[in-house]
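Q: I should like to learn how to read the features of a protein model one at a time. Could we work through an example together?

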Amino acid sequence: MAKKRILSGMQTTGALHLGNLLGALNNWVRLQEEYDCYYFAADWHALSSNYEETGHLKDNLLDLAINWLAAGLDPNKCTMFVQSLIPEHAVLHLLFSMITPVPWLERVPSYKEKMEQVQNRDLHTYGFLGYPVLQAADITLYQANFVPVGIDQLPHLELTREIVRRFHDIYKCKVFAEPEGLMSEVPKLPGLDGRKMSKSYNNAIYLSDSKEVMTDKIRNIVTDPARVRRTDPGDPDKCVAYSFHKVFTNPEDLGQIGNDCRSAGIGCVDCKKKLATGIFAKIGPIVERRDYWKSRQKEALDIFYNGTQKARVVARDTLAQAEAAMKIDVKSMFEG
Ligand code: SF4
């Protein structure tokens, strides 16, 4: 039986941090064993909120390729490609934009949230509002059955499903698969200060950080604020470093650390040294593979180029079906 297809992408907006690694990439690496996975570098999506800062886009794309391969994505098991090299994304986005009511876009929660939160950029653009329409095109071009999602992305996926239904309804056809969300258990990693780990909060540990920088950042992770002196007992549930321990320390040691914290049997400095050991043990192999791929950039880009060729065949076929269903396959008038 043919494997079910998964589609997912990541914006090329900058360095990958441990939150991205645990939240998306490690999950993708697992999924490639079971599904026919298409993963794309969403470089056009990166423009939706960073349209003025395009200078790093190509470097970011290369960095993304290196990170994905270092994390364990394997071109023999999944298809990795670049969105902007497949113009069918833009064409289907345009066609979908013709049938998508504006209020559907305005009610997407992440649109409203980001408009309120982001003060330093003007996001009153069609590109930002129409982001979910481009996303609908990305997903449906590949006839994806599933899209790995977190709870906050469900409204986007629902919008894709609504656009698909509307398209089928208007043009009396059945061209696209209606994608479903694939919820996966991914460990939650906060930022160094306890907020969400994010580049914009300056609270992230990056895969590209040197060991010294990482060690320094780990040393500065926020701890239980009530534990002022070494002799004060602590509460691990109020400590950000302990949230990191939950992800990076093995379960037996984790229980011991919790007990030692509560009884003031361990100081925060030593506790964080143990944490650093756990983090380096888990991400060390990925950092080593990053060095490997950094010295083989051409090979990394070739993998994405070949993946793009393969993906484009699927995208072309789907777009041709959509244009035929809409009776706008004008090209056919000029062919043989
Ligand atoms: S001992 Fe560890 S868990 Fe307890 S407050 Fe300090 S850093 Fe946090």
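Q: Which residues in α11 meet which residues in α13?

A: Please note that this is a predicted model. To read a helix contact, one lists the residues on each side. From α11 come A241, F244, H245, V247 and F248; from α13 come C271, K272, K274, L275, G278, I279, K282 and I283. The residues of this contact of α11 with α13 divide into eight nonpolar, two polar and three charged.

Q: At what angle do helix α11 and helix α13 pack, and how far apart are their axes?

A: Helix packing is described by an angle, a distance and a hand. Helix α11 (residues 240-248) and helix α13 (residues 268-294) pack at about 35 degrees, and their axes lie 9 Å apart. The crossing in which α11 passes α13 is left-handed.

Q: What does F248 touch, leaving out residues up to four places away in sequence?

A: Setting those neighbours aside, F248 touches L18, L22 and L189, as well as G278, I279, K282 and I283. The last four of these also appear on the α13 side of the contact with α11.

Q: Which residues touch the most other members of the largest nonpolar core?

A: The general idea is that in soluble globular proteins, nonpolar side chains tend to be buried together. Here the largest nonpolar core has 60 residues, and those touching the most other members are L18, L25, Y39, W68, L73, F244 and F248. Helix α3 (residues 57-71) gives the most to this core, contributing nine residues. There is also a second, separate core of 42 residues, with L92, V108, A137 and I163 among its members.

Q: Is L95 buried or exposed?

A: Burial is read from the relative accessible area, with values under 20% counted as buried. L95 has a value of 8% and is therefore buried. This residue is found in helix α4 (residues 88-99). Beyond its neighbours within four places in sequence, L95 is in contact with L319, E323, M326 and I328.

Q: Why does the span of helix α9 agree with the expected one?

A: A helix can be checked by comparing its expected span with the separation of its end C-alpha atoms. For the 18 residues of α9 (residues 154-171), 1.5 Å a residue gives an expected 26 Å, and the end C-alpha atoms are 26 Å apart, so the two agree. The 29 residues of helix α14 (residues 297-325) should span 42 Å, and the ends of α14 are 42 Å apart, so the values agree here too.

Q: What is the phi of the residue just after α9?

A: Backbone angles beyond a helix end deserve inspection. Just after α9, K172 takes a positive phi of about 45 degrees. Following α14, K327 also has a positive phi, near 60 degrees.

Q: Which residues does Q135 touch, not counting those up to four places away in sequence?

A: Contacts can link parts of the chain that are separated in sequence. Q135, in helix α8 (residues 131-141), touches H45, H156 and T160. Two of these partners, H156 and T160, are among the buried residues of α9.

Q: How many helices and strands does the chain have?

A: An overall description completes the reading. The chain has 14 helices and five strands, and its C-alpha atoms fill a box of roughly 85 × 45 × 45 Å along the principal axes. Of the 336 residues, 48% are buried. Among contacts with a separation of 6 or more, 77% are between residues 24 or more positions apart.

Key. Residues are numbered from 1 along each chain as its sequence is written. This is a predicted model: local features need pLDDT of at least 70, side-chain atom pairs count only at pLDDT 80 or more; totals for chains, interfaces and linings use all residues. Side-chain values use heavy atoms; hydrogens and water are left out. Helices (H or I, at least four residues) and strands (E, at least two) are DSSP runs, numbered from the N terminus. Buried means under 20% relative accessible area, exposed over 50%, partly exposed in between (1.4 Å probe, protein chains only). Contact means heavy atoms within 4.5 Å. A nonpolar core is a set of buried Ala, Val, Leu, Ile, Met, Phe, Trp, Tyr and Cys residues joined through side-chain atoms within 4.5 Å. Axes are lines fitted to C-alpha atoms, for helices over the stretch in contact, and angles run from 0 to 180 degrees between N-to-C directions. A crossing is left-handed if the near helix is turned anticlockwise from the far one by less than a right angle, and right-handed if clockwise. Ala, Val, Leu, Ile, Met, Phe, Trp, Tyr, Cys and Pro count as nonpolar, Asp, Glu, Lys and Arg as charged, and the others, Gly among them, as polar. The expected span of a helix is 1.5 Å times one less than its number of residues.
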